[in-house]
Structures are given as structure tokens and as C-alpha cells.
Amino acid sequence: MANVSHTRGDITSHPDAPEMRERYARMLGGRDVALVDGPVFLLGLYCAVSPWILHYTTSQPALVTHNLIVGIAIGLLALGFTQTPERMYGLSWAFCAVGIWMIIAPWVVGDSPDAGVALNNIIIGALAVILGLMCTVTAAKSAPRP
């Protein structure tokens with residue numbers, strides 16, 4: 001009977017190994033904050049569905065629409081960070097601005113929000129600012145020097 005099991009060999013002898021190594025390095029070149037993409041997307045998802053989780057759809061209808069739109073925007077930023085990091089990490093400061101807006105939005109957009117609604121948006125905003133600063137600092141460190 002023939003041996004059909006796959007044995008692990010050393011790929012360094014493969015003729016395309018240097019090209020594959022170079023392509024892999026080029027692909028991961030701007031991925032210094034790859035661990036931030038997932039939490040940013042989850043934060044956007046939570047922001048979008050938080051009015052239904054915390055049940056303030058009837059008491060704060062303006063904040064429901066606001067959090068849905070801002071949550072989708074945060075999710076799109078996260079997808080942009082994942083798909084084209086070299087272009088998007090320049091917009092990390094915008095993510096910080098979204099976080100600051102989320103902190104003050106209950107009083108600007110809402111109608112005398114209760115403590116739970118305000119605390120929810122403050123936590124979302126603070127996490128957005130922290131993650132945005134992490135992206136900004138890492139992007140500044142990895143930017144090419146003139």
C-alpha cells in the first residue's frame with residue numbers, strides 16, 4: 001500500500017520561498033496594531049445595538065438612531081483598518097473624535113438621559129478614545145521618517 005500521509009518538510013528549499021517571504025513581509029508591513037481591529041469592530045457592533053440591549057428605545061428615540069449610526073461608522077472604520085491599514089491609520093484621530101462625541105452625545109442629542117444611558121455612552125466613548133490613541137501612537141511609531 002502507498003504512503004499517502006503528508007510529511008512536514010522544510011519549505012526553505014522551495015524555489016519560491018524568498019518571494020513568498022517578501023510578499024508576506026510586505027503584506028504585514030503596516031499591521032502593527034492588528035490586535036486593535038477586532039475590539040474596534042466589537043465596540044462598533046455594541047454601540048449600534050446598545051439601545052436594544054439597555055432598553056431605552058422608547059425613552060430616548062434620538063439616541064437610538066444616533067448610536068445605531070455611530071456604531072455602524074465605528075464598524076466601518078474597523079473594517080477599513082483591517083482592509084487597508086496603510087491608508088486608514090492616518091484616520092485614527094477621527095476615531096478619537098468619535099469617542100469624545102460619544103461621551104457628550106447623551107446631553108447633546110438625548111432628552112435628559114438617565115444615568116444608565118449616559119454611563120453606557122461614556123464607557124463606549126472612553127473605549128473609543130483609548131483604542132484610537134493606541135492606533136494613533138502605533139501609526140506614528142511605524143511611519144517612515146523623512
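**Exercise 1. A listed segment**

How much of the chain is helix and how much is strand over residues 60-81, and how far apart are the end C-alpha atoms?

*Solution.* The model is predicted. Start with the secondary structure: residues 60-81 are 95% helix and 0% strand. Then take the ends: their C-alpha atoms lie 31 Å apart. Next, look at the record. UniProt, in an unreviewed entry, lists 60-81 under "transmembrane region", together with 33-54, 88-109 and 121-140. Finally, treat 88-109 likewise. That stretch is 82% helix and 0% strand, and its end C-alpha atoms are 28 Å apart.

**Exercise 2. The overall fold**

State how many helices and strands the protein has, and give their order.

*Solution.* Count the elements: there are 6 helices and 0 strands. Read from the N terminus, the order is α-α-α-α-α-α. Now consider burial. Of the 146 residues in the protein, 34% are buried. Turn to the surface. About 9500 Å² is exposed, and carbon and sulfur atoms account for 68% of that area. Last, check the contact range. Take contacts between residues at least 6 apart in sequence: 65% of them join residues at least 24 apart.

**Exercise 3. The nonpolar core**

Find the residues that touch the most other members of the largest nonpolar core, and trace the helices behind this core.

*Solution.* The core holds 17 residues. Within it, Val40, Leu43, Phe95 and Leu131 touch the most other members. Now assign helices. At least two core residues come from each of H2 (34-53), H3 (61-83), H5 (92-108) and H6 (115-142). H3 supplies the largest share, 5 residues. Then zoom in on Val40. Set aside its neighbours within four places in sequence. Val40 is then in contact with Ile74, Ala78, Phe95 and Leu131.

**Exercise 4. The nonpolar surface patch**

Identify the helices that give two or more residues to the nonpolar patch, and the one that gives the most.

*Solution.* List the members. They are Phe41, Leu42, Leu45, Val49, Trp52, Ile53, Leu54, Leu68, Ile72, Leu76 and Leu79. Together they have about 990 Å² of accessible area. H2 and H3 are the elements that give two or more residues. H2 gives the most, with 6. Now test one member. Val49 is in helix H2. Its relative accessibility is 34%, so Val49 counts as partly exposed; that class runs between 20% and 50%.

**Exercise 5. Tyr56 and Asn120**

Is Tyr56 buried or exposed, and which residues does Tyr56 touch?

*Solution.* Locate Tyr56: the loop between H2 and H3. Its relative accessibility is 2%, so Tyr56 is buried; the cut-off is under 20%. Next, the contacts. Not counting residues up to four places away in sequence, Tyr56 touches Ser50, Pro51, Leu63, Val64, Asn67, Val117, Asn120 and Asn121. Check a long-range pair as well. Tyr56 and Gly116 are 60 residues apart in sequence, with 9.3 Å between their C-alpha atoms.

Now take the partner Asn120. It sits in helix H6. A relative accessible area of 7% makes Asn120 buried. Beyond its neighbours within four places in sequence, Asn120 is in contact with Tyr46, Ser50, Leu54, Tyr56 and Asn67. Compare the two lists. Ser50 and Asn67 appear in both.

**Exercise 6. Positive phi in loops**

Where do His55 and Ser112 lie, and what are their phi values?

*Solution.* Recall the background: most residues other than glycine have a negative phi. His55 has a phi near 55°, a positive value. Its place is the loop between H2 and H3. With 65% relative accessibility, His55 counts as exposed. Ser112 also has a positive phi, about 45°. Its place is the loop between H5 and H6. At 64% relative accessibility, Ser112 is exposed.

**Exercise 7. A pair across the chain**

Give the C-alpha separation of Val137 and Trp93, and classify the accessibility of Val137.

*Solution.* Along the chain, Val137 and Trp93 are 44 residues apart. Their C-alpha atoms are separated by 9.9 Å. Val137 lies in helix H6. Its relative accessibility is 45%, so Val137 counts as partly exposed.

Conventions:
Residues are numbered from 1 along each chain as its sequence is written. This is a predicted model: local features need pLDDT of at least 70, side-chain atom pairs count only at pLDDT 80 or more; totals for chains, interfaces and linings use all residues. Side-chain values use heavy atoms; hydrogens and water are left out. A nonpolar core is a set of buried Ala, Val, Leu, Ile, Met, Phe, Trp, Tyr and Cys residues joined through side-chain atoms within 4.5 Å. Buried means under 20% relative accessible area, exposed over 50%, partly exposed in between (1.4 Å probe, protein chains only). Helices (H or I, at least four residues) and strands (E, at least two) are DSSP runs, numbered from the N terminus. Contact means heavy atoms within 4.5 Å. UniProt positions are given in the numbering used here, feature names are shortened, and annotations may be inferred rather than shown by experiment. Patches are made of residues with over 30% relative accessible area and no salt bridge: like charges are joined within 9 Å, nonpolar side chains (Val, Leu, Ile, Met, Phe, Trp, Tyr) within 5 Å. Accessible areas come from the Shrake-Rupley method with a 1.4 Å probe; for residues, only the protein chains shown count as cover. A salt bridge is a side-chain nitrogen of Lys or Arg within 4 Å of a carboxyl oxygen of Asp or Glu.
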